[in-house]
Every structure is written in C-alpha cells, then in structure tokens.
Amino acid sequence: MIADDAGLPLDATKTWATQTLEHDRPLLCCAFSPCGEYVVAGAQDEGVHRWQLESGAKTSFAGHESWVHSLAFHPKGKQLFTSDFHGAVHCWNYADANPRPVWSIPAAHDGWVVATAVTRDGKHLITAGNDTRVRLWETATGKPVADLVGHETEVYSLALHPDGKTLASGDLHGKIHVWNLSQTKPARTLDATVLMTRGEDFLADVGGVRSLAFNAEGTLLAAGGMTDIKGNTFCPGTPAILVFDWDTGKLQKTLRPQKKSDGPIKGLAFLADGALAGLGEHLNSASSLEFWKPDGETSFHAIGRNSGYSLHLHPDGRRLAAAGIVNNGRGGNGGVSLEEYVSHNGSVVIYALHDKPAAAAKPKAS
Amino acid sequence: MTHPYACGSSEHAISRRRMLGTLAGAAGSVGLASMLSPAMAAEIKRQNKQVLFIWLDGGISQLESWDPKPKTEFGGPFRSIPTSVPGVHFSELVPETAARMDKLAVIRTMHTEDPNHSTGVPKIQRGSPKNRGVDYPFLGSALAKLLPWPTNDLPPYMHIKPGRGGFQYQDAGFLGAKYGALALGEGRPPIHLYRPDSISDEVDEARNDLRRFVNSQYRQQGRRDAAVDAYEYSFQMAEQLMRRKDLFDETVLSPQEVERYGAHPLGRHLLQARRLLEAGVQFVKVTSYHWDMHGDNFNMHRALVPQIDRPFSAILDDLSDRGMLDHVLVVLMSEFGRTPKINTRIGRDHYPNAWSVVLAGAGIKTGVVAGKTTANGVACDDSEYDAGHLYHTLFQAMGIDPLTTEYMNNAQPLPIAHEECSSINEVLA
C-alpha cells in the first residue's frame, strides 16, 4: 500500500523505502508508467514484469527470448517498449490485463539493445546497442526511421533534451555524442573519457557512460559511470557523475558518493528541486543511492543499499523506483549444496522523497 | 610470492612453504630416470609428437563458451549456436571455433576439487597425484622428461606469456631445473639474445669460459643447487636460441596472417606459438591472464572470448593445413570453470564442480563431446573427470602409457598420473 503523503514537502534527506516489489531474478531496468499507476521492470530472465503500485499486484509479460535490459514508455499513450540482449524490441499495451506484443522488431541491433528511449512528442522510439548504432523507429509501427552513425564502440546510454529535438548518447569509450534528431551525424561530442579505463594489463576496455540525464531546464547533462578502474576481472572503480554545462559542453563538476561504493553509477534522475539522484552498482563490496546538489561535489544524503542498475522518477516527482538485486546469501567460490543452489532475487524499491507521514505528523518535542 | 590475479585474496597467494618445497624438489632430482620402455620411446620418437597447451588463467566460463545453457536459471543472456557437428552447441561468443568442432573433442564434465587459483593452478598443471610428498612437474616439464630429448637444438618446453620472460625452473618440480620452461615474455626472445656488435666471437667465448669456470667452482664447493642448475640450463637455452633468431623475426609475417590471428596479445602469442611448433619445439604453452570474471561477467566475456575464438581457430586451421594436427596435441583449458550462479556483481565465481576442457590434434578423436552436465549446468549428469583422468588422457594421446610408465626419483618410483584415475577413452582416437 502507498502511504497517504499528500502535502508533505519534497525533501530528499528524508527519503525512505515505501515498497519493495520482489522478483525471483535480479531486475535490470525499471520505469514508472506515465499514468503513474504502474512500475515495470526487466529481469535476468525473459520476462517483463509489471506491478500495480496501489495493490502490489504483479503481471509478467512473455515475449522476449533473452534478458530484458532496457525499457521506455510512450509519454502520452499506453505503449511500453522493451529491449533485450538478443537485439529484439517489443511494443506492448502496458495497461492490458495480459499484454501481448503489439509489434516486434526481432533484430533491432546486432547483439544487445542496451538503452531505449522515446522522443517527447511520442513519435519515435530510440534504441542504442552494442553494435555501435543508435536507431530511430516509428512508435506506432516499429518501422525504421533513421540510423545515427558516429559511435565507434558499444553505446550504453541515452537521454533526450527537454527541447524535444536533441539526443545525447554515451558509449564505452566515454564519448557522449549529441545529435540533432533531424540529422544522422553527431552535432558535437562531449568528453567523458575519464569514465573508461584500459590498464596496461587489461584484456578489455572497462567502464563507459552507463547513465545520462538532463535537468528540467536543459542546462545540465549528468553522465554516470566510474573512474580509475582496477582491472577487467572484478572491474571495480570509483563511482562518478560528470556534470556538463550544456551550452558550452564543458565539464562543470565531478560528483562522488559519500558512502563506500565501487561500481558505476547506473541510474540518474534530476528531482523537481534540481537535486540529482544517482544509483550505484556494486562490483566489489558496496553500493548506494545518493543525492547531490549539482553545484556540490559530495552528496548531501546517502542510503546504502544492494547493487542497483536502474533509477526512474515517478510522474508525480515524489517517488523514485530503483531496480536491482536482492542477495539471497548463497554463492561465492567453490562447491555447492545443490538443494540450496538458486539464483539471487531482484527487487524494485519505491523510495518516497519526503518524510514518513507519521513522522511528519508527530509533534516536535519541546 | 604472488600471482597477478585480481582477486587479491589469500586464496591467490603462493605460500612460502610451497615455494620452498618446489626448490627442494628441484634440488632433489639427482639420480632420476624415466622408465619409458625402449619400444615406446622409439615409437614416440618416430611420431615426433608436440603439444600446444593454451592456458586461460583465472577460468573461462564454460557457460559462455563450450557448454551453454540458454534460457535456463543460470544460463546468462547469450544464445547457443550450432557447431559443425550436428547436435553439439557452443555459445554464440565462439562462432569460429564452433565451425571447427569437427576438429575438436570437448570434455564437459571436468569435476575437480580445488576452487582456488593459487593451489588449483599447480594442481591442474601438475596433474595432481595425491600425497606423494614431492612437487610433480607441470605437463611441459613432464613431457620434456618423458619424451626423447629434442635433437633440433631447441628448448623442449617454451612458454609464451604476458609480462616478463625468464627460465621457470619451478615448473619442473622434482625432475630438476633442466626440465623447466623457457618463458618468452610477450612472445619475444630472451633479452640480450642479440649480441652487441662490439663483442667479438673471441671475447664472447672468453666470457663464456669464465662463466663455465665459475659455475664449476660453485659446484666443486658443494653448491650444486637448483639455482646454479637453472642458471646453466637457461644460458644453454639462450645460446641455442641465438642460433634461431629467425623464429622471432616479425617482418616475415604477412599482414593477412597477423589479421587472421588478431592484434591482441592472445592473437600475437598464438601466432608465435605456431612458429615455434613449426620449428619443432616440443611443448609450447601460451598463457593469457585475467579470465577471472567475478564482476560484469557478460560484458567481459563478450569482450574476451572472441580474443581466444579467433586465434584458436586460426591456429587449428594452420596446423591442419600443414598436416601438423596429426602429431600436435592441442589443449585449451583453465584451472576451473565459473559458477552457474550469477553473483551480486553480475559475475561468476570459481567453479570446479562441472566445467569444460577442449582438445584437438594428436591422438584425439574429433567431433566428440565427453560427458554431459545437468540442464542448469550445476552438476555433471554422468561421468565426472578429475585432473588425473585428464593427465592419463593427455599422456595416452602422446603415446605414453600412464599405467606402465613411472618416474624414478632417488630410487622412489612415482606414477606419472594419478593411479586411481584412468583415461577418458571417449576422446581418444
């Protein structure tokens, strides 16, 4: 049940978990529906999982053949777009009792679709993949519209500017290409290369721009990831958010978490008061959800939590959804007891960005 | 002493006791002789067998390579693809190797005991006979001892690895330093292979005489230990290689050849390995580190597995085209596999319970899979094979009968492979 919180002032320092929606596999992505009634998540299975927030009722949509890595809603209609590790995209009427794919793109990308977005006018779906491509599709039909060519490596993140005409896409090498959506070549490129590390003895590039978000005014672009990565086996690094001035493209601030954390910032959301929320993945031992003022460097509030992969702001601006893992405590190196050998679980935690109603009502001690 | 593993845990440290044990074993090899039968030795010499041993240090995931389990609880996000052998599937990450399954044998039910790098690596590479009180030789050293000593003036056991090279006498265990590995850092020849022009033949001979004299003095003083042996043997090997500088001349390689293998370290090192095998080196080991994907397993396997798929396929083709697969045994393996269970870092941990080894070439049946794992990949469904089974199989493939051949260490007969194990006949030709 959702607490009756009407009228409580927005205050990220009072953030608390109002609901934990669990699944039997880790959850990789999540978003609130534009109607505000549902939260939907993709998992380390082939399902798309929808929860009705008021009741907690869960419905799973079948259609994917691999893990679902990203999703996005049509901003006005009832369409949901989900993408998977085999390159497939499905469109669903998300509010149906038992949704089935309305249309599908079996091979939107050669390999994983890593990020999915919808333009603010709702006309175009945008997907980004490990095949270096950013692609535009008609939301109504799934027909291809354009192929944005410019990245030279895996594309990990997308964000649409509030002007409705401009897209930012971030890649493994730390390049953020800025696209005018009427053109297929990048208009300019921002430098976030500090978010990728290739040590002398690494066998692979590690890191990349794992998340992107614009503020409401469109004056700032935040890019999440990690710096100073230690290797290509555990892949831990120092979490970082790069805040760029949008007009100049210059790096304005590098934000760091206050809590111990060792993976990339995988989820970003600007709040109504201008604060920035960032969700960390853990790659060694710890991760957190933290809040920054964009002109600060250290967060003003931090919540330690399990590894997270995706963060989304509710349309009411007062709740965050964070998808991630729930550690069931059994794992590690070596042999196993087969009776206990099951996957870790996942959850979407709904955080309220204000005080608890009861605490707010409680009279202050004199 | 540490190995360059990323875990950094105590599991990854080599103990001082172990190190001292190795040195003691190397020093105590006086009087050792192999008991290979004369007929077997003659036949092995006739066949002129060689080995390519590829070691992916840290543990490649069997689920992202040779034993995929798509759409299962622990299967991960990758597809499986058909191979050139009907009914056998590999991960989509190894399309080139999949197309050459008809040249391979895969053991899918390796079931070893040690989940640690520091102890698991030597156990596997030494074949791990238990409770013998000596350090057994790594496979390359064992074969240097058991096979007829090469007459081509090339070291019998060469090791191409990242980082620095040198003489790895510890590999020889109780056999003694002579049977150690000459390691080529980054596949390059030992440093100072090229004598400066300022040193004439006469000067060079004079300084070699001095070196030999000093060594003999050391020995006369009773300091005949493994370090002196190792120094002498490494110098002899360097002298031999000075006559074969052509083996390291990269200008003779065509761009097409380099492209086929790939520009990454494994590509370059496997191409160098082919050249050494062509020259007649008996045992060539190629090591690649950092396959220990505890975090971000799927992005990392996506980046790393093609780095073995491509050059492994290229060298299989080249050995096949040159008619060498008849006498070159190819082994591709790690110290263990990776956990089916995906950990909280989206990684996979160490898993000795059910993992895979790939074989090809001399003495190996082609197009076969030995063993089957359960549907979720957690356990072996039928047969389970330990390192002892694998070493019986490798010796058999080389024409050495592991049931009748023994080492003799200071009058102590020692089996060359674990007595309680036997060969995996499904993969033997």
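**Chain B, its contact with chain A, and a buried histidine**

In chain B of this predicted model, 76% of the contacts between residues at least 6 apart in sequence join residues at least 24 apart. The secondary structure of this chain comprises eleven helices and 16 strands. Chain B has 429 residues, and 59% of them are buried. What the chain does expose comes to about 16500 Å², with carbon and sulfur atoms supplying 50% of that area.

Helix 5 of chain B, which spans residues 139-146, is a good place to see burial at work. This helix is mostly covered, with eight of its eight residues buried. The buried residues of helix 5 include Leu139(B), Leu143(B) and Leu146(B), together with Gly140(B), Ala142(B) and Ala144(B). Ser141(B) and Lys145(B) in the helix are buried as well.

The next part of the picture is the meeting of the two chains. The size of an interface is often given as the accessible area lost when the parts come together. For chain B and chain A, the buried area is about 3700 Å², and carbon and sulfur atoms give 56% of it. Chain B brings 43 residues to this contact, while chain A brings 44 residues.

Polar and charged partners also meet here. Across the interface of chain B and chain A there are 19 residue pairs in polar contact, counting pairs with both residues at pLDDT 80 or more. The elements that give two or more residues to the chain B side are helix 10 (297-321) and strand 12 (350-351). Helix 10 of chain B provides the largest share of that side, seven residues. By type, the chain B residues that touch chain A divide into 20 nonpolar, 13 polar and ten charged. Three salt bridges are found across the interface of the two chains. In a salt bridge between the chains, Lys71(B) pairs with Glu65(A), and their closest N and O atoms are 2.7 Å apart.

Finally, a single residue of chain A rewards a closer look. His90(A) belongs to strand 8 of chain A, which covers residues 89-93. Is this histidine buried or exposed? His90(A) counts as buried because its relative accessibility is 8%, and buried means under 20%. The side chain of His90(A) reaches the backbone oxygen of Gly63(A) at 3.0 Å. Leaving aside residues up to four places away in sequence, His90(A) touches Gly63(A), His64(A), Leu80(A), Phe81(A), Thr82(A), Pro101(A), Trp103(A) and Ser104(A).

Notes
Residues numbered from 1 in each chain as written. Chains lettered and ligands numbered in written order. Predicted model: local features only at pLDDT ≥ 70, side-chain atom pairs only at ≥ 80, totals over all residues. Heavy atoms only, no water. Helix = DSSP H or I, 4+ residues; strand = E, 2+ residues; numbered from the N terminus. Buried < 20%, exposed > 50% of the residue type's maximum accessible area, 1.4 Å probe, protein only. Contact = heavy atoms within 4.5 Å. Areas by Shrake-Rupley, 256 points an atom, 1.4 Å probe, with all protein chains shown as cover. Buried area = accessible area lost by both parts, 1.4 Å probe. Salt bridge = Lys/Arg side-chain N within 4 Å of Asp/Glu carboxyl O. Polar contact = N/O pair within 3.5 Å; in protein donor to acceptor, adjacent residues only side chain to side chain. Nonpolar A, V, L, I, M, F, W, Y, C, P; charged D, E, K, R; others polar.
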